[in-house]
Amino acid sequence: MTASDAPASVHPSSLDRSAFDWDGAFSPQARRLGSSAIREILKITQRPEIISFAGGLPAPELFPIEAIREAANTVLTTYGAAALQYSTTEGHLPLREWLAARVGIGAANVQIMTGSQQSLDLLGKMLIGEGDVVLVEAPTYLGALQSFNPYGPRYVQMAADEEGIDLDALEEQLKTVKAKLLYAVPNFQNPTGRTLSLERRRRLVELTARHGIILIEDDPYGAIRFSGEPLPSLYELSLELCGGSEQSHVIYSGSFSKVLVPGLRDAWVQAALPMIRKLIQAKQGADLHTPTFNQMIISELVSEVMPAQIERVKAVYGERAQHMMARMDAQFPAGVQHTTPQGGMFLWVTLPEQIDTVPLLEQAVKRLVAFVPGAPFYALGGGHNTMRLSFSSATLDQIDTGIAALAQTIHEALD
């Protein structure tokens, strides 16, 4: 074959075409995805001069670094190469057994997850079909909405007050609404900091069981109680009401991120075996398993290090929460209201109706303080005059400076 017979080489630069249509290539589920409003705000807070009450970040100065270093050495000495190898999807058995023993269920009912956000994503994938009715608090955790949105739910918002979900209103809703799933954060709710009362917990478990509604209990903050009496989880109440783990309709999602460290990305789900089996299948397609080494480190910490770490976190966060509320009460304008959390990392601020907290954030950043506007936490819109403040990672001096700047910003907006 002569040179003249050879096919002409085609270079990409010679093609006469516009940019590839990636938007047209995305699936319907992908098109429903949106950026996290919180993550976008966190980009602003990377500036070192900004005092951030925005992200719900654990206080890094409280991380038990030396204990984790010792645990890592112990794991490598004890398990050797097995700590760095692929492992089972279900998770490290000693860790699952420890979690199961706390509530009197079998280890088979516990699935280790790579962060509780993965739990929400895979639960949404396994449970929500196009048009399924999902009941959510108003407001609710933004990360749950992001996880559920791709699967096409139809949200119905539940009213709430200082004791959490309004069960009278919910019971009335359920006379006309056929719901598949109810999502709730009963302890120190993200974003409001509210806690569901014991009476309402019992009633919520009974009501959802009677109506055949799956109840997802998201509980990343439950151990961080700095005032008031501890309350049983919805999952524990369901074990009593329904007669055991296989009869329970409640799915419990827990996490080590807020009580130890978030960077190890260890969380878990406990539920009836059919749900756990389906989660195992979903997780095999997502990431095979949570990192073995990380699970083994957590397992070394739970018995001795974690209880003391929880007490330390509770003391610090409780002091910061009280300090922030005292400064707000003294400096915020009349007509501005806030919740009074008994634990967790957040409180919720409601401003007069004429204030929109999205443009207010822009003005606050000019004064070097940041928060999260409340609107993204509402599944069906609303909350334009609300904001979420996190007290967990701010020092007392930063709270003094930041609340003063935020108070000035609000006063200016009202004027």
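Which residues form a nonpolar patch on the surface? In this predicted model, the patch consists of F20, W22 and F26, which together have about 370 Å² of accessible area. F26 sits in the loop that runs between α1 (22-25) and α2 (28-31), and with a relative accessible area of 40% this residue is partly exposed.

From the surface we can turn to the interior. The largest nonpolar core holds 117 residues, and those that touch the most other members are L170, Y317 and L389. Helix α13 (residues 305-331) supplies the largest share of this core, namely nine residues. Once neighbours within four places in sequence are left aside, the contacts of Y317 are P58, A59, L62, I224, F226, G344, M345, F391 and S392. Another core, of seven residues, lies apart from the one just described and includes A54, A138, W348 and Y378.

Helix α13 also takes part in charged pairing, since R320, which lies in that helix, forms a salt bridge with E61 in which the closest N and O atoms are 2.6 Å apart. The partner E61 belongs to the loop between β1 (51-52) and α4 (65-79), so that the pair links distant parts of the chain, 259 residues apart. The two ends differ in their surroundings, for R320 is buried, with a relative accessible area of 8%, whereas E61 is partly exposed, at 41%.

A pairing within one element is found in helix α4, where R69 and E66 are three residues apart and therefore separated by about one helical turn; their closest N and O atoms are 2.4 Å apart in a salt bridge. R69 is partly exposed, with a relative accessible area of 43%.

A further salt bridge, with an N to O distance of 3.9 Å, joins the side chains of E163 and R200. Because E163 lies in the loop between β5 (160-161) and β6 (164-165) while R200 lies in helix α9, the pair ties together parts that are 37 residues apart in sequence. Here E163 is partly exposed, with a relative accessible area of 40%, and R200 is buried, with 16%. Elsewhere, D168, E171, R203, E206 and R210 are joined into one network by salt bridges that share partners.

E163 also appears among the contacts of T195, which, leaving aside neighbours within four places in sequence, include E162, G164, P186, N187, F188 and R201. T195 is placed in the loop between β7 (181-184) and α9 (198-210) and is buried, with a relative accessible area of 11%. A polar atom of the T195 side chain lies 3.4 Å from the backbone nitrogen of F188.

Note on methods: Residues are numbered from 1 along each chain as its sequence is written. This is a predicted model: local features need pLDDT of at least 70, side-chain atom pairs count only at pLDDT 80 or more; totals for chains, interfaces and linings use all residues. Side-chain values use heavy atoms; hydrogens and water are left out. Patches are made of residues with over 30% relative accessible area and no salt bridge: like charges are joined within 9 Å, nonpolar side chains (Val, Leu, Ile, Met, Phe, Trp, Tyr) within 5 Å. Accessible areas come from the Shrake-Rupley method with a 1.4 Å probe; for residues, only the protein chains shown count as cover. A salt bridge is a side-chain nitrogen of Lys or Arg within 4 Å of a carboxyl oxygen of Asp or Glu. Helices (H or I, at least four residues) and strands (E, at least two) are DSSP runs, numbered from the N terminus. Buried means under 20% relative accessible area, exposed over 50%, partly exposed in between (1.4 Å probe, protein chains only). A nonpolar core is a set of buried Ala, Val, Leu, Ile, Met, Phe, Trp, Tyr and Cys residues joined through side-chain atoms within 4.5 Å. Contact means heavy atoms within 4.5 Å. A polar contact is a pair of N or O atoms within 3.5 Å; within protein, one must be able to donate a hydrogen and the other to accept it, and residues adjacent in sequence count only if both atoms are side-chain atoms.
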